[in-house]
Amino acid sequence: MSRIMRNYWERVGHIRVSGPDGKMYRYGSDSNSLDFKFDVQKTCGDIYIDFTVSILGLNAETINFLATWNQAEAYRDKRIIEVYAGYGDDGKAPLIARGVIVNAIPSSPPEMWLNIQAKNIYSSKAELVTESAIGYESKRSVKKRDFFYDTMQYLGYKFSIATDITDADKIITIPSFVCDKSELVKRVARITGWLIHVDNEYASAHAHNGWSTDSK
């Protein structure tokens, strides 16, 4: 007779947020009875740009301390947020998302959630990219493969196009755009209609068929 042994692990998690004083503050530990929920949308593995975190149970003073209303000020004076979540018998949760707060706005009573929107931007200051920066000041009609190559080279990636892509030689018109450098991969995916998977220093383009575009 065999016996099946099972380990039932509890959900563990917390978040860390930098305050206006630059120090990192932890929320969701055993010492403060808070609830928090998060949504980290990933494309092709571990690529994520936008994510949200909501915290319930903060007092009014802490909400005022963390609240961020103005996006322009948020980009200028960046505040970091880190999300740790998972299952574990040792109570340690892995880091699943890190970025800067775009806004942090409390909901209306009676349940005062602090709803935080964040972006995966790591640089100390935003680095804006336009089509001109990649070399498309005047030449706007280009093959998809060339646009992909040019942008990935600009970002410093080694690159490849998967065999499931059949329209690599299709001519497209590059629109005028401006975005943070961290969002350029997402912008290229939107323009080409491909999925782009980044793994360390490699970037590969894939057709949508057979790929999951949303995981949490």
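What percentage of the 216 residues of the protein count as buried? In this predicted model, the share is 39%. The legends below describe the whole chain and then several close-up views.

**Figure 1. Overview of the predicted model.** The protein contains 5 helices and 14 strands. Its exposed surface amounts to about 12900 Å², of which carbon and sulfur atoms supply 48%. Among contacts between residues at least 6 apart in sequence, 61% join residues at least 24 apart. Buried positions make up 39% of the 216 residues.

**Figure 2. The largest nonpolar core, with 24 residues.** The residues with the most contacts inside this core are F147, F148, M152, I174, L184, V188 and I196. Two or more residues each are given to the core by helix 4 (144–155), helix 5 (184–192), strand 13 (195–199) and strand 14 (202–206). Another core, of 19 residues, lies apart from it; I63, A97, I101 and L114 are among the residues of that other core.

**Figure 3. Packing of helix 4 against helix 5.** The two helix axes come within 11 Å and cross at roughly 180 degrees. Because angles over 145 degrees count as roughly antiparallel, helix 4 is described as roughly antiparallel to helix 5. On the side of helix 4, the contact is made by K144, F147, F148, T151, M152, Y154 and L155. Helix 5 contributes L184, V185, V188, I191 and T192.

**Figure 4. Surroundings of V188 in helix 5.** V188 has a relative accessible area of 0% and is therefore buried. Leaving aside neighbours within four places in sequence, V188 is in contact with F147, F148, T151, M152 and I196. V188 and T151 are 37 residues apart along the chain, yet their C-alpha atoms are separated by 7.7 Å. V188 is also one of the residues with the most contacts inside the largest nonpolar core, and it belongs to the set through which helix 5 meets helix 4.

**Figure 5. K119 and its polar partner E183.** K119 lies in strand 7, which spans residues 113–119. With a relative accessibility of 14%, K119 counts as buried, because the cut-off for that class is under 20%. The side chain of K119 makes a polar contact with the side chain of E183, at 2.8 Å.

**Figure 6. W69 in the loop between helix 1 and helix 2.** Helix 1 covers residues 60–66 and helix 2 covers residues 71–76. W69 has a relative accessibility of 58% and so counts as exposed. Setting aside neighbours within four places in sequence, W69 is in contact with I105 and P106. The C-alpha atoms of W69 and V102 are separated by 8.4 Å, although these two residues are 33 apart along the chain.

**Figure 7. T62 in helix 1.** T62 has a relative accessible area of 19%. This value is under the 20% cut-off, so T62 is classed as buried. T62 and G19 are 43 residues apart along the chain, and 9.9 Å separates their C-alpha atoms.

**Figure 8. D169 in the loop between strand 10 and strand 11.** Strand 10 comprises residues 158–161 and strand 11 comprises residues 171–173. At 45% relative accessibility, D169 counts as partly exposed, because this class lies between the 20% and 50% cut-offs. Not counting residues up to four places away in sequence, D169 touches K143 and R145. From D169 to V142 the C-alpha distance is 8.7 Å, with their positions 27 residues apart in sequence numbering.

Note on methods:
Residues numbered from 1 in each chain as written. Predicted model: local features only at pLDDT ≥ 70, side-chain atom pairs only at ≥ 80, totals over all residues. Heavy atoms only, no water. Helix = DSSP H or I, 4+ residues; strand = E, 2+ residues; numbered from the N terminus. Buried < 20%, exposed > 50% of the residue type's maximum accessible area, 1.4 Å probe, protein only. Contact = heavy atoms within 4.5 Å. Areas by Shrake-Rupley, 256 points an atom, 1.4 Å probe, with all protein chains shown as cover. Polar contact = N/O pair within 3.5 Å; in protein donor to acceptor, adjacent residues only side chain to side chain. Core = buried A, V, L, I, M, F, W, Y, C linked by side-chain atoms within 4.5 Å. Axes fitted to C-alpha atoms, helices over the stretch in contact; angles between N-to-C directions. Parallel < 35°, antiparallel > 145°, perpendicular 65-115°, else oblique.
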